[in-house]
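User: I have a structure here that I haven't looked at before. Can you take me through it?
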Amino acid sequence: MALSSCPRYEQAKRTRVLHLNDSGLTSIPPPVLNLSMITRLDLSYNNLAELTPDIQLMVNLENLWLNGNPLKAIPSEMQHCRKLKVLDLRDTLVEAIPREIGRLKNLFNIDLRGTPLCEELDPFKGSTEELLGYLEVKDKRTNIAIEMEDNLLAAKYLETADMVEGGIVVSALVKAVCAQFPEMDELKNCARNADRLFPDRYASPVELRKLFHQNPFDGPAMKRKKWRVIAERISEKEAVKLKVSYVKLRRENEMVKLSADMELKISAIYYDNHDPTDIEGWLKSIYSCFTPQNYVDEGRKDCPDLEDIKFIIQHATRIFPTVPTDITGPLIRKSMLDLQQKLTEDREKCVKGIISSISAIYSDREPPQVVKLARDVARLFERDRFATEKELEDLKKISADASLLFPAEFDSADPKSIKKQFRQRELAAQAQLAAGR
């Protein structure tokens, strides 16, 4: 009897459920793929070695059982089964999951028990959420790389795009560059500026031929193999240089933005009490005091110039002088350092207040233990490099209410729980205040 006319097929149209388990199938019968209304499909314990890409036609599929099949791979087209919630791959031969599966937002259970999953994915074998998260990131990064390579070949490397060497070196360059940018946002920024960042020399057919020597005795396959080795070696070095250029470009762009922000801040502070043409000179004087050498002269190994400029903008009213004509780079830098030191001291004073308060509660404990607990709690309230008004206010309240926030038993004192209790009390106080109005 043809499947299209069998009772099981007709029943599936009504129930939207189809069980074809243990039916000796080596492929999914074509009529089944046209059952777009099906939500549950059981194909377990058959002889399916592969899954047809046409599985994507089953757009309402929510549960798919493939366990117990000699299945080796899942087609990337399954990404179109957007309603899929459960995918059972137990005791199959599946070694990898296509990155596109990470796009399935409703999928909450992929059962991979008893599968020879590859080393890359094996750490995520017991967690569908972590596996999908990994695949989603991999998918996004791969798409960025593909788009970046296509754009480079269509523009910057157009003249060498049709050369075998050109395709090989650009592909190797993109791969090496992506490895230099583990953070997604930075990779996106790199891709947006790829035309400016990628090296120019590989856009010249003449230069490319100099790099990729041809041995007349090598066949096409051998040439490609040797060229890939050369391209990988070149690309690793170029990617490191590109990362340096990227950091420099990002810093320049950030400085331009910060300059505009500081100009607005200065105008707001002094309003009509200054000549707008003076601002450019003030900014130049200020920035001249935030070079790497300034930090070296202070005996520092770090160079948080951008962070310090942001700090100045954030605390401009406390750093800039009353009279605009007094503005100089050295004065602004000194005022900034003085304020940073004060905020650091204020934070430390509040922490010591907490230490003093809880020392009475945990008098049976060694002082270093009490100090560590106090500092661990205080650290959870830090919002910035330097203390904010809100942070100091919170730390003072913790010190004052220590007996209510910290448990009597030291071993039960958990910093995160203490912070959570503090926030709950804070919300309750706000609600009570609002109710009394």
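User: Which residues touch the most other members in the largest nonpolar core?
Analyst: This is a predicted model. Its largest nonpolar core has 50 residues, and M262, I309, I312, F320, I358, I398 and F406 touch the most other members. Helix 13 (residues 329-361) gives the largest share of this core, nine residues.

User: Take I398, then. What is it in contact with, leaving aside neighbours within four places in sequence?
Analyst: With those neighbours left aside, I398 contacts I354, V377, F381, L405, F406 and F422.

User: And which residues does the second core include?
Analyst: That core is separate and has 40 residues, among them I74, C81, L121 and L132.

User: Moving on to the sheet. What order do the strands have, and is the pairing parallel or antiparallel?
Analyst: It is an open sheet of five strands in the order 1-2-3-4-5, and the pairing is parallel. Strand 1 (17-19) and strand 5 (109-111) are the edge strands, each pairing on one side only. From one strand to the next, the twist averages 0°.

User: How many bridges join strand 4 to strand 5?
Analyst: Three bridges join strand 5 to strand 4, which covers residues 86-88. In this part of the sheet, D88 is opposite D111 of strand 5.

User: Last topic, empty space inside. How many cavities of 30 Å³ or more are there?
Analyst: The structure has one cavity of 30 Å³ or more. The volume of the largest cavity is about 40 Å³.

User: What lines the largest cavity?
Analyst: Its lining is made up of F311, Q314, H315, L343, D384, F386, A387 and T388.

Terms used. Residues are numbered from 1 along each chain as its sequence is written. This is a predicted model: local features need pLDDT of at least 70, side-chain atom pairs count only at pLDDT 80 or more; totals for chains, interfaces and linings use all residues. Side-chain values use heavy atoms; hydrogens and water are left out. Two strands pair if DSSP finds at least two bridges between them. Helices (H or I, at least four residues) and strands (E, at least two) are DSSP runs, numbered from the N terminus. Axes are lines fitted to C-alpha atoms, for helices over the stretch in contact, and angles run from 0 to 180 degrees between N-to-C directions. A nonpolar core is a set of buried Ala, Val, Leu, Ile, Met, Phe, Trp, Tyr and Cys residues joined through side-chain atoms within 4.5 Å. Buried means under 20% relative accessible area, exposed over 50%, partly exposed in between (1.4 Å probe, protein chains only). Contact means heavy atoms within 4.5 Å. On a 1 Å grid over the protein atoms alone, a cavity is a set of points where a 1.4 Å probe fits but cannot get out, and a pocket is an open set with protein on both sides within 12 Å along at least five of seven lines; lining residues have an atom within 4 Å of a point. Grid points are joined across faces, edges and corners, and a volume is the space filled by probe spheres set on the points.
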